[in-house]
Amino acid sequence: MNISDTDRLANKSSIKSRWSLMEISILTLAMLLALPVIVVLAFVFVPTGDIWHHLASTVLKDYVVNSLWLMLGVAIGTLLLGVSAAWLTSMCQFPGRGVFEWALLLPLAMPAYIIAYTYTGMLDFAGPVQSTLRDWFGWGFGDYWFPEIRSLNGAVLMLTLVLYPYVYLLSRAAFLSQSICVLDVSRTLGNGPWRTFWLVAVPLARPAIIAGLSLALMEALADYGTVQFFGVPTFTTGIFRTWFGMGSSAAAAQLAAGLMIFVFALIFIERYSRRQARYHHTSRRHQDLRRYQLTGLSSFLAFLLCFLILFFGFLLPAGQLLSWTVSVADYVIDAQFLGLVLNSLKLAAIAAFLALMLALFLAYGYRLFPSRPIRFAVRLAGMGYAIPGAVIAVGVMIPFAWIDNTVDSWARQSFDVSTGLILSGTLVAVTFAYLTRFLAVSLQTVESGLGKITPSMDEAGRSLGFKPVQLLSRVHVPMLRGSLLTALLLVFVDVLKELPATLILRPFNFNTLAVRAFELASDERLAEAAPAALAIVLAGIIPVIIISKTITRSRQIAAEHRDIA
């Protein structure tokens with residue numbers, strides 16, 4: 001063996017050792033990001049004295065029952081609105097369809113707690129709706145009945161209006177990808193639009209519909225601002241009350257574990273529903289969608305349904321927020337408000353950038369080492385998005401508080417100096433919670449982008465002598481620019497909207513737009529909460545538009561790939 005062969009073997013061994021360290025790094029990082037969930041589950045068996053007995057005998061039943069009713073109501077509402085709107089905009093032709101196909105995603109930019117504040121201000125006894133009715137008919141207090149917005153039914157309605165886009169988004173993507181041949185067969189059998197919808201389209205799209213519904217229900221279970229503002233006791237409000245009201249982290253963790261049972265049940269149902277669901281387009285020939293031309297009354301009803309969904313889900317609350325913002329802008333939008341904007345943008349930017357870097361590292365690591373342990377680690381790291389923010393916050397606070405107490409005790413004994421809070425109540429804890437909660441958003445986006453890059457590109461790069469890092473920076477990243485930007489924006493907006501984790505973990509005297517809007521609304525200062533709420537909504541519109549364009553182009557891109565094949 002000559003010297004050059006020895007050098008090559010040494011270099012190969014060095015590279016193998018280096019990337020073995022990367023595999024260890026992926027596993028370690030995944031366990032670190034899963035730490036909050038592991039901590040919550042570990043506290044299930046920690047004794048809590050009389051606190052748990054008190055909860056079980058007083059409020060636990062309300063938490064369970066209200067959470068179940070909330071899930072059921074939101075499930076029915078999001079299915080009705082999301083699936084029907086997706087079918088109309090995908091497979092039917094009527095006036096305004098081109099606008100509705102992207103505009104119906106706009107409520108996704110409206111956080112649930114913000115739309116709850118807005119409708120409460122409009123529909124409460126002193127709001128413009130009831131005040132106008134009293135002026136018109138001369139009614140007084142107690143002379144008429146009006147639906148109570150601050151109720152479980154009100155919470156279901158508010159959450160439905162902002163969460164149906166999850167079902168709409170995935171359902172529409174599924175309808176657009178369905179085989180024209182199958183739909184043509186349904187037409188030849190004499191089935192009209194509605195029979196084709198029920199007998200063919202919905203069964204084929206069922207896995208996507210269930211996936212969208214699962215996301216909507218997870219968000220409903222994770223909601224804190226809406227149910228707290230409406231006075232509806234659920235698991236999320238119970239976690240806050242137990243932690244801050246009773247001072248028991250163990251009991252709060254056990255409530256969080258109970259909430260996680262609901263979440264894992266949803267994940268299991270979603271996976272089980274598509275265990276054998278497979279659908280393939282058997283034709284290589286692309287055909288443009290032949291939409292059903294609606295006329296007369298059917299055309300008007302389709303337009304009316306889509307318009308009402310958009311109006312009540314986005315246009316009306318956004319218009320009310322804008323009106324309130326204009327009325328209070330002179331004394332609300334000041335240096336303190338700009339400080340809130342800066343705090344929110346800074347936190348969101350840092351969390352989004354770190355989440356993108358971690359997602360790129362994990363997804364590319366799995367591409368290089370597609371083993372079962374790495375796959376499990378990557379999936380484990382992405383579980384945080386299925387866990388409510390309140391649960392993540394509890395899981396972050398407990399180990400961080402233990403670390404702070406341990407370090408402080410050691411410093412006192414060794415140097416007679418108190419180190420205070422190093423991690424708890426700092427931006428480090430808040431950022432770590434954001435990464436645990438929203439890493440999956442960027443991870444799925446990056447994985448999707450990497451999946452579209454053919455492995456032959458990797459082989460070509462290696463044949464040119466590129467090392468893995470060089471291959472990533474010179475080949476993959478330029479091709480992933482669109483996916484990376486989308487992932488960055490999505491996490492950025494999710495962080496801006498996050499409320500429970502920020503409320504629990506934020507440093508003293510540090511506020512964000514979401515926290516400030518919640519505080520003002522809780523004090524019934526709804527108009528003053530409008531500027532902060534409107535700023536969050538406006539920031540969420542950009543990713544929504546990007547998502548809509550991606551869905552619209554999805555079928556054309558898939559057709560081009562089939563034509564190339």
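# Charged, aromatic and nonpolar contacts in a predicted model

Asp124 and Arg150 are joined by a salt bridge, with their closest N and O atoms 3.2 Å apart. This contact links distant parts of the chain, since the two residues are 26 positions apart. Asp124 sits in the loop between helix H6 (112-123) and helix H7 (128-137), whereas Arg150 sits in the loop between H7 and H8. The structure described here is a predicted model.

## Salt bridges

Side chains of opposite charge can pair when their charged atoms come close. The count of salt bridges in this model comes to 9. The table sets out three of them, including the pair just described.

| Salt bridge | N to O distance |
|---|---|
| Asp124 and Arg150 | 3.2 Å |
| Glu101 and Arg97 | 2.9 Å |
| Arg172 and Glu101 | 2.7 Å |

Glu101 appears in two rows of the table: its side chain meets Arg97 and also Arg172. Glu101 and Arg97 are separated by about one helical turn, because they are 4 residues apart in helix H5 (residues 97-103). The bridge between Arg172 and Glu101 links distant parts of the chain, with Arg172 in helix H8, Glu101 in helix H5, and their positions 71 residues apart. Salt bridges that share partners thus join Arg97, Glu101 and Arg172 into one network.

Are the members of this network buried or exposed? Glu101 and Arg97 are both buried. Arg172 also counts as buried, because its relative accessibility is 4%. For Glu101 the value is 13%, which is why this residue falls in the buried class. Arg150, which bridges to Asp124, counts as partly exposed because its relative accessibility is 23%.

## Arginines over aromatic rings

Arg150 has a further contact: it lies over the face of Phe229, at 4.6 Å from the ring centre. A second arrangement of this kind involves Arg134, which lies over the face of Phe125 at 3.9 Å from the ring centre.

## Aromatic pairs

The model contains 15 aromatic pairs. One of them is formed by Tyr63 and Phe235, whose rings are tilted, with 6.3 Å from centre to centre and 45° between the planes. Which elements does this pair link? Tyr63 belongs to helix H4 (residues 60-91) and Phe235 to helix H12 (residues 235-245), so the contact links distant parts of the chain, 172 residues apart. Tyr63 is buried, with a relative accessible area of 2%. Phe235 counts as buried as well, at 4% relative accessibility.

Phe94 and Phe100 form a stacked pair, with 6.4 Å from centre to centre and 25° between the planes. Both of these residues are buried. Ring pairs also place Phe94 and Phe100 in a cluster with Phe303, Phe307, Phe311 and Phe312.

## A nonpolar surface patch

Some members of the aromatic cluster, among them Phe303, Phe307 and Phe312, also contribute to a nonpolar surface patch of about 770 Å². The other residues of the patch are Leu297, Phe300, Leu301, Leu304, Leu308 and Leu315. Leu315 is located in helix H14 (residues 296-332). It counts as partly exposed because its relative accessibility is 38%.

## Cysteines without disulfides

A disulfide is a covalent bond between the sulfur atoms of two cysteines. How many disulfides does the structure hold? The number is 0. The cysteine sulfur closest to that of Cys92 belongs to Cys306; the distance is 9.3 Å, which is too far for a bond. Cys92 counts as buried at 2% relative accessibility, and Cys306 counts as buried at 0%.

## Loops and a helix contact

Two residues that are not glycine have a positive phi. For Asp416 the angle is about 55°, and for Glu524 it is near 65°. Asp416 lies in the loop between helix H17 (389-415) and helix H18 (427-451), and it is exposed, with a relative accessible area of 69%. Glu524 lies in the loop between helix H23 (513-522) and helix H24 (526-564). With a relative accessible area of 44%, Glu524 is partly exposed.

Leu176 is part of helix H8 (residues 152-177) and counts as buried, at 6% relative accessibility. Leu176 and Ala205 are 29 residues apart in sequence, and their C-alpha atoms are 9.9 Å apart in space.

Terms used. Residues numbered from 1 in each chain as written. Predicted model: local features only at pLDDT ≥ 70, side-chain atom pairs only at ≥ 80, totals over all residues. Heavy atoms only, no water. Patch = residues over 30% accessible without salt bridge, like charges linked within 9 Å, V, L, I, M, F, W, Y side chains within 5 Å. Areas by Shrake-Rupley, 256 points an atom, 1.4 Å probe, with all protein chains shown as cover. Salt bridge = Lys/Arg side-chain N within 4 Å of Asp/Glu carboxyl O. Buried < 20%, exposed > 50% of the residue type's maximum accessible area, 1.4 Å probe, protein only. Phe/Tyr/Trp six-rings, centres within 6.5 Å; stacked < 30°, edge-to-face > 60°. Lys NZ or Arg CZ within 6 Å of the ring centre and 35° of its normal. Disulfide = S-S within 2.5 Å.
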